[in-house]
Amino acid sequence: MKRILKSRLPELWEAINSNFDLFLPMDKGTLVNFGAYEADKNIRLDVLKTNSSVKEFVFPQTETYLKFKHSKKKLELTPVAVEGREYVVFGVRNCDAASFKIMDNIFLRQPVDTYYKAHRDRGIIVTFACNNPEETCFCTAFGIDPSEASPASDVATWEKGDYLYLEAKSEKGERLLNSVAILLEDGDIAELEELKNSIKAKVANLPLKALDPKKITKAQQEIFDMEDFWGDISKKCLACGSCTFVCPTCHCYDVKDYDGGNSGERYRCWDSCMISDFTRMAHGNPRTSQLQRVRQRFMHKLVYYPKNHDGLYSCVGCGRCVEKCPVGLNIVRVIKRLGEE
Ligand code: SF4
Ligand code: SF4
């Protein structure tokens, strides 16, 4: 366990940035998002939920696979590889960090998604314990403890008093802390007990503390067939897709070609199961109503995914969908109602 005076954090970030590409939560005017480190920029480690989640680092919103050129009978294809220095994402909250496992189960199974893997391999995750969880947080419903190191942490950090405490949790994390060792002093894990207990006490008083997806006990087919329930839940949905784009675990994408005439690119981009032309195929669209689309989103997160992944839900309780949905339709309502009905 190491620690550094918070007043020396700019020195720490400069040192990290000299060896790695460093990203931190930054004030971008109307919202806070992870951005490339720049000295004297408005860094907002205090913000729990960045507008976009960390999935952008491993699953970018758009990503080019290959470039092509053609002339008469000749077609030239150039694959685009993921390149660059290792990067550090500093200040990742434990809910977002937990999303890596959920995404790994999709992208790292056979056949491995080589783009995703390259991003994962290059990334070093520095998590940051949540001293002040918010009313829309419910990560504990999914077994996440915001006061402890995350299983996905390469380095776990805690803010207490004048210090930031840092603990390496992986070989990557050891390497990162060794690279800045000159700035760090020894700390003691025991110094964090009071802080961890205070976080646990705050979590125990959050409004969504009793939320429990395990209360959903009906059989898959029975839940699927609850047409009245899904009709009621989905009738307000505007199909804007905001909930899926901000969600750290949503991973649907489309593959498209940009044809610029004699040259172009093949790229993938985020898609959303809430949008009417998602999954449209040559024979048509298997989900023709918003009821079916909304049902798919929540069935996937709460029923299909855990069924196929040893009970792991495809939600980390970050609460972004709770904050962003313009009509107040979100997974909390679905868990509560499915658990009760
Ligand atoms: S469904 Fe909502 S609360 Fe769950 S991970 Fe996605 S955005 Fe966060
Ligand atoms: S954010 Fe709300 S309105 Fe928009 S697609 Fe999601 S559930 Fe529907």
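**Exercise 1.** Determine which strands pair with S6 in this predicted model, and in which sense.

*Solution.* Begin with strand S7 (residues 123-128): five bridges join it to S6, and the two run parallel. Here strands (E, at least two residues) and helices (H or I, at least four) are DSSP runs numbered from the N terminus, and two strands pair if DSSP finds at least two bridges between them. Next, strand S2 (residues 21-27) pairs with S6 in the parallel sense over three bridges. Finally, locate Val-88 of S6: Leu-22 stands opposite Val-88, and in S7 its bridge partner is Ile-124.

**Exercise 2.** State whether S6 is mostly covered or exposed.

*Solution.* Six of the six residues of S6 are buried, that is, under 20% relative accessible area (1.4 Å probe, protein chains only).

**Exercise 3.** Locate the largest nonpolar core relative to the domains.

*Solution.* A nonpolar core is a set of buried Ala, Val, Leu, Ile, Met, Phe, Trp, Tyr and Cys residues joined through side-chain atoms within 4.5 Å. The largest has 56 residues, and Phe-138 and Trp-230 have the most contacts inside it. Among the elements giving two or more residues are S6 (87-92) and helix H10 (290-308); H10 gives the most, eight residues. Domain 1 (2-203) and domain 2 (213-340) both contribute, so this core lies between them; the bounds come from an automatic or database domain assignment.

**Conventions.** Residues are numbered from 1 along each chain as its sequence is written, and side-chain values use heavy atoms, without hydrogens and water. Local features need pLDDT of at least 70, side-chain atom pairs count only at pLDDT 80 or more, and totals for chains, interfaces and linings use all residues.

Methods: Chains lettered and ligands numbered in written order. Buried < 20%, exposed > 50% of the residue type's maximum accessible area, 1.4 Å probe, protein only.
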